[in-house]
Amino acid sequence: MYTCQMVHHHHNCLNTKKPYVKLCRLCVDSCPHQAISLYRELNSQRCTECGICMAVCPSDGFIYYSTSKLHEFMLGAEKIVLNCPQAMNAGHEIPCLGILDRDSWLALLIAAGEKEVTLVTGVCAACPDKKACAVSVQVFKEIHTSWPDHPALRLKVAPDDGGSAPGGEITSVQARSGGKGWRDIGREKLEAMLPGITSDEAYPIPKARQFLREVWQSRKSALGALPLPALEVSEGCRECGECAAVCPQGALTNKEKGEQLTLIYEPLKCVGCRRCLNICRSQALSMEYKPLSYRLFTGKILVHQGKQRL
């Protein structure tokens, strides 16, 4: 019996971490197949495992089983070759480019600075998951605009026509399990490969962000700063502290000393949910692309200091 490999981690969902008057429903609204209910229940008969729910979720509310396996492959392979199920078996199979969020793309680009990175796809225009792919590609374009001199990735279109190996220059670096695609592998086998992944334990930093930190740390001396969305606080801030109170990630902290309030921001923990922006009555907060060094990305930044104003 086939079991859907996309999993909802209830305790990772922002709505569970810290309830808020306006519920996050990015996964529900983004699913092109209406496979996710308002209660985050997944209809496995409708789900094609395109990964868009995982890519748009800022906190790993949705993940797929082999995330950790993918990261292990990318770290250990001499050449990184990723192929979707519609393409020839060229490397490590992923369900779709749709699973690649901003952090995943940045990690791939950083890795491309020291090893060859190739993405192999089928004909995306004819794929039922083309919406997920389009969303992911748009994210890549945004990164390219803010980081135009990033290391190059290679893209190869090689639809699976029943052949056993792709043509051209790409070398097979990982075979599928018994000739099957990842959608054909049963849950029991995956649980044996990745024990504990179904435990639904909450973790504050999404796996893609953890992987980005790991890849960046290994090359921080060569990279310098990277363009990343970060919080900006204007002089209009009234030091009310509501932004820190609603942050589900603990990325904002208010420290009081007498009448003076200090707002501390931790980019590593921030997932861009924008709750702080939405609740700010003085509209003093914004998210802007900023060149952040590894030290700033993983550290604490004083973004505002002042006396509370009524």
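A nonpolar core is a set of buried Ala, Val, Leu, Ile, Met, Phe, Trp, Tyr and Cys residues joined through side-chain atoms within 4.5 Å. Buried means under 20% relative accessible area, exposed over 50% and partly exposed in between, with a 1.4 Å probe and protein chains only.

The model is predicted: local features need pLDDT of at least 70, side-chain atom pairs count only at pLDDT 80 or more, and totals for chains, interfaces and linings use all residues. Residues are numbered from 1 along each chain as its sequence is written, and side-chain values use heavy atoms, with hydrogens and water left out.

**Exercise 1.** Identify which residues touch the most other members of the largest nonpolar core.

*Solution.* The largest core holds 71 residues, and L231, L252 and L285 touch the most other members. Helix α5 (residues 102-111) supplies its largest share, seven residues; helices are DSSP runs of H or I with at least four residues, numbered from the N terminus. Beyond its neighbours within four places in sequence, L231 is in contact (heavy atoms within 4.5 Å) with residues including L252, Y265, L285 and V303.

**Exercise 2.** Explain why C13 and C57 form no disulfide.

*Solution.* A disulfide is a pair of cysteine sulfur atoms within 2.5 Å. For C13, the closest cysteine sulfur is in C24, 6.4 Å away, and therefore too far for a bond. For C57, the closest is that of C13, at 6.4 Å, again too far. Accordingly, a search of the whole structure finds zero disulfides. C13 is buried at 11% relative accessible area, and C57 is buried at 14%.

Terms used
Helices (H or I, at least four residues) and strands (E, at least two) are DSSP runs, numbered from the N terminus.
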